[in-house]
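Hi everyone, thanks for coming. I'd like to walk you through one model today, going from the whole chain down to a few chosen residues.

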Amino acid sequence: KSHKFGVRRKLDEPTRVQAAAPFNASADCLVASKCVLDTRSEPYRAVTDVITRARRYWKSLTVFFPVKGVRLIRRDLMESFDQAMKGFQQELKDATQQLAEQYKPLKQKARQDLGQLYSSSDYPDVETLIDEFSIEWGFPSVDPPNFLQKLNPKLYEQEQARVAARFQEALAAAEQALAAEMGELIGHLVDRLSPNESGGRKKLNEKAMTGLSEFVTKFQQFSVHTSPELDAMVKQIEQIAAGVDVSAINSNQSAQQHLFSTMATLKEQIDGMLVDRPDRKIDLDDE
């Protein structure tokens with residue numbers, strides 16, 4: 001999880017009343033806040049950039065798990081993940097130290113910008129500013145505790161079943177996410193290979209094929225392998241991406257048509273795999 005000093009503060013009741021008055025509006029209908037630090041300043045952006053990159057890295061190596069703040073990671077990636085996060089942690093420490101050095105002029109600027117809205121109580125002491133930003137991680141066990149097996153075997157079995165169901169949900173969600181991503185990539189290719197209004201075709205570019213190759217690498221990294229159908233399609237995509245010469249495809253209408261037909265068939269298969277159900281909100285924020 002990550003934590004950062006919040007720069008937004010709600011306006012108090014008297015100030016909201018004052019702000020609503022020129023519009024002849026009720027303060028109860030007005031939601032207003034102030035920004036107590038310039039988020040565009042280089043020192044602050046450097047700090048938040050580290051946190052953003054750390055969270056992006058965390059998500060890139062993990063898949064959804066139905067517990068807030070928890071995601072699944074392959075065991076062979078745990079050590080490299082831990083080392084990378086320690087690197088982000090050190091970067092954050094250095095960045096917050098630089099922010100602390102610029103804290104006084106940033107507060108002075110806030111005083112000028114905010115005018116009567118400025119309040120010293122909105123700001124922690126410079127000595128504790130570094131503690132306002134953090135990156136934390138761990139490898140928690142999602143299995144029921146062993147002592148429960150002796151204490152209450154029936155409850156232990158129920159917890160085991162609940163954890164197993166969560167893993168199945170996580171695998172199904174990961175499979176659906178990968179299938180949806182693959183569908184978008186192939187859909188883009190089908191669009192690029194489709195005839196335009198005049199009967200001609202758009203040009204295929206290297207970036208589109210590179211996207212397919214990167215997806216194959218990502219799929220192999222996660223190694224979900226819960227669907228033989230999806231595995232087979234990814235294998236086919238890998239062979240297509242490795243064997244396609246973009247310049248040759250663009251100069252050969254027959255080869256272009258063949259690739260279009262292959263991709264269109266794959267797109268239909270992927271669309272058939274996607275579960276048509278209401279969107280579920282998955283909140284990955286743990287702040």
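Let me start with a term: when I say helix, I mean a DSSP run of H or I with at least four residues, and helices are numbered from the N terminus. Leu129 lies in helix H5 in that sense. Please keep in mind that this is a predicted model.

Let's take the whole chain before we return to that residue. The protein chain has eleven helices and six strands. Its radius of gyration is 26 Å, well over the 19 Å that the globule rule gives for 287 residues, so the chain is more spread out than a compact globule. Along the principal axes, the C-alpha atoms fill a box of roughly 70 × 70 × 45 Å.

How much of the protein chain counts as buried? The figure is 34% of the 287 residues. The exposed area comes to about 18,000 Å², and carbon and sulfur atoms supply 50% of that. For those of you who think about electrostatics, there are 38 positive and 42 negative charges, and their mean positions are 3 Å apart. As for contacts, take the ones between residues at least 6 apart in sequence: 71% of these join residues at least 24 apart.

Now to helix H1, residues 13-20. Which residues of H1 are buried? They are Thr15, Arg16 and Ala20. These three cover an arc of only 135° around the axis, which puts them on the same side of H1. Over on the other side of H1, Pro14 and Gln18 are exposed.

Thr15 also leads us to a loop. Leu117 sits between helix H4 (103-114) and helix H5 (126-129), in the loop that joins them. Along the chain, Leu117 and Thr15 are 102 residues apart, yet their C-alpha atoms are separated by 8.4 Å. Leaving aside neighbours within four places in sequence, Leu117 is in contact with Leu11, Thr15 and Lys34. Is Leu117 buried or exposed? The answer falls in between: with 31% relative accessibility, Leu117 counts as partly exposed, because buried means under 20% and exposed means over 50%.

Back to Leu129, then. Here the relative accessibility is 1%, so Leu129 counts as buried. Not counting residues up to four places away in sequence, Leu129 touches Leu99, Ala100, Tyr103 and Pro124. Arg53 is 76 residues from Leu129 in sequence, and the two are 21 Å apart in space, C-alpha to C-alpha.

Next comes helix H3, residues 78-101, which is the place of Thr96. Thr96 counts as buried, at 2% relative accessibility. What is Thr96 in contact with, once its neighbours within four places in sequence are left aside? The partners are Val47, Ile130 and Phe133.

My last stop is helix H8, residues 206-222, where we find Phe215. Phe215 is buried, with a relative accessible area of 1%. Beyond the residues up to four places away in sequence, Phe215 touches Leu178, Glu181, Met182, Leu185 and Val234. Met85 is 130 residues from Phe215 along the chain, and 24 Å separates their C-alpha atoms.

To wrap up, I'd keep two points in view: the chain is more spread out than a compact globule, and 34% of its residues count as buried. Thanks for listening, and I'm happy to take questions.

Technical notes:
Residues are numbered from 1 along each chain as its sequence is written. This is a predicted model: local features need pLDDT of at least 70, side-chain atom pairs count only at pLDDT 80 or more; totals for chains, interfaces and linings use all residues. Side-chain values use heavy atoms; hydrogens and water are left out. Buried means under 20% relative accessible area, exposed over 50%, partly exposed in between (1.4 Å probe, protein chains only). Helices (H or I, at least four residues) and strands (E, at least two) are DSSP runs, numbered from the N terminus. The arc is that of the directions from the helix axis to the C-beta atoms. Contact means heavy atoms within 4.5 Å. The radius of gyration is taken over C-alpha atoms; the globule rule is 2.2 Å times the number of residues to the power 0.38. Accessible areas come from the Shrake-Rupley method with a 1.4 Å probe; for residues, only the protein chains shown count as cover. Lys and Arg count as positive and Asp and Glu as negative; His and the chain ends are not counted. The place of a charge is taken as NZ of Lys, CZ of Arg, CG of Asp or CD of Glu.
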